Amino acid sequence: MNHNHESAIIAKGISKTYDKKTQALKGMDLTVNKGEVFTILGPNGAGKTTFLRILCTQLMPTAGDATILGDSVVKNPEAIRNNIAMVPQDAMAYANFTPWDYAHNFCLLRGMDKPTAKKKAEEALKAMLMWDMRSKPCQSMSGGEKRRALIAATIASDAPVMMLDEPTSGLDAIGRRNVWSTLRERAAQGKTIILTTHMMDEAEMVSDRLAIINKGELIIVGTTAEIKKQVPFKYRVIVPESEIDKSKFSDITKIGDRLVIYLKNDEDAIELVREMLKKGVQAEAAPVTLEDAFVRLAGGELL
Ligand SMILES: Nc1ncnc2c1ncn2[C@@H]1O[C@H](COP(=O)(O)OP(=O)(O)OP(=O)(O)O)[C@@H](O)[C@H]1O
Ligand SMILES: [Mg+2]
């Protein structure tokens with residue numbers, strides 16, 4: 001389907017075993033097109049960070065290979081480092097560096113001339129709403145502010161491929177939106193962006209395509225719409241467990257004393273909502289979400 005796109009990242013059979021026993025990745029194949037925002041979703045421990053660390057040449061795969069803009073992570077990691085910038089999952093800006101120091105020095109280190117470095121640092125700090133705080137030492141900043149300073153440095157790098165491991169964890173709603181729009185803008189300029197997140201609304205909002213991985217294996221790749229289609233239901237209705245006869249429904253997820261009932265067609269959804277309202281119980285039918293698809297595909301508990 002993507003034959004008319006140029007590929008930025010091609011991973012083939014990537015496996016990683018830590019300490020001769022933990023098999024974090026089991027033959028991952030994945031292609032990311034140039035100029036797209038690509039999101040990796042997966043439960044804790046699925047292998048997302050391991051995968052990104054291999055792509056950014058911090059870690060060697062046990063088997064398989066990947067190319068970034070044509071260079072192999074196994075054979076030519078040095079060449080890759082010029083083309084990528086990464087926000088690691090756990091990294092926090094600290095010490096007495098300021099956001100300006102991070103962004104500006106990062107640009108100089110990557111070989112930009114001084115005027116370009118200044119311009120790129122300024123643009124990125126403004127995009128991350130860090131411009132007013134550019135001269136404040138990071139050690140005296142909040143967690144989210146530190147995180148934004150690091151994201152700004154990566155954005156400033158102007159690298160053709162940017163990798164961000166849970167960039168928005170700990171960011172407020174406004175900060176998250178800023179990251180999303182900045183990533184979308186950069187992708188529109190032709191940058192390739194690969195990120196991870198646990199937030200389904202984020203994945204839906206920011207990605208062109210996404211992949212769900214679990215236990216080191218690829219479960220599904222596609223657009224949000226394509227992935228939602230994998231759930232054979234159209235609607236979900238949340239009801240108190242005590243109010244319904246469970247035997248009447250085939251697909252139910254239990255959340256404590258509440259049930260999420262999945263329904264295939266409009267009539268069944270309307271019927272259930274009407275039944276609840278008659279009893280004076282609040283209920284509404286909502287379309288299935290990416291989260292429903294995720295829970296199902298990544299092995300949620302179904303009753
Ligand atoms: N340095 C390491 N040494 C040994 N095992 C590791 C190491 N790093 C990760 N693992 C294991 O590899 C598996 C994948 O970890 P990874 O960090 O890639 O998951 P993740 O998908 O990023 O999870 P999270 O959503 O929690 O960040 C896990 O079982 C983890 O315990
Ligand atoms: Mg991780």
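**Close-up views of the predicted model**

**Figure 1. The shell around ligand 1 draws most on helix α1, which gives 3 residues.** The structure shown here and in the other views is a predicted model. Around ligand 1 there are 13 residues, and those that come nearest are Y18, A24, K48, T49 and T50. Two elements, β2 (22–33) and α1 (48–55), each give two or more residues to this shell. Sorted by class, the residues of the shell around ligand 1 comprise 8 polar, 3 nonpolar and 2 charged ones.

**Figure 2. The domain assignment divides the protein into domain 1 and domain 2.** Domain 1 covers residues 7–228, and domain 2 covers residues 235–287. Taken over C-alpha atoms, the centres of domain 1 and domain 2 are separated by 39 Å.

**Figure 3. Helix α6 (residues 173–188) has the span expected from its number of residues.** At 1.5 Å a residue, the 16 residues of α6 should span 22 Å, and this agrees with the 23 Å between its end C-alpha atoms. After α6 comes G190, which has a positive phi, near 105°.

**Figure 4. Helix α6 has buried residues on one side and exposed residues on the other.** The buried residues of α6 are G175, R176, N178, V179, T182, L183, R186 and A187. Because these buried residues cover an arc of only 165° around the axis, they lie on the same side of α6. In an α-helix there are 3.6 residues a turn, so residues three or four places apart point the same way. On the other side of α6, the exposed residues are A173, I174, E185 and A188. The partners against which the buried residues of α6 pack include three helices, namely α4 (114–127), α5 (143–156) and α7 (200–206). The strands β3 (37–41) and β8 (192–196) also pack against the buried residues of α6.

**Figure 5. T67, in strand β4, touches I10 and S72.** Strand β4 consists of residues 63–68, and T67 lies within it. T67 counts as partly exposed because it has 19 C-beta neighbours inside 10 Å, whereas a buried residue has 20 or more. Although T67 and I10 are 57 residues apart along the chain, their C-alpha atoms are separated by 5.3 Å. When residues up to four places away in sequence are not counted, T67 touches I10 and S72.

How values were computed
Residues are numbered from 1 along each chain as its sequence is written. Chains are lettered from A and ligands numbered from 1 in the order in which they are written. This is a predicted model: local features need pLDDT of at least 70, side-chain atom pairs count only at pLDDT 80 or more; totals for chains, interfaces and linings use all residues. A residue is near a molecule or strand if its C-beta atom, placed from the backbone, lies within 6 Å of it. Helices (H or I, at least four residues) and strands (E, at least two) are DSSP runs, numbered from the N terminus. Ala, Val, Leu, Ile, Met, Phe, Trp, Tyr, Cys and Pro count as nonpolar, Asp, Glu, Lys and Arg as charged, and the others, Gly among them, as polar. Domain bounds come from an automatic or database domain assignment. The expected span of a helix is 1.5 Å times one less than its number of residues. A residue is buried if 20 or more other C-beta atoms lie within 10 Å of its own, exposed if 12 or fewer, and partly exposed in between; C-beta atoms are placed from the backbone. The arc is that of the directions from the helix axis to the C-beta atoms. Two residues are in contact if their C-beta atoms, placed from the backbone, lie within 7 Å.
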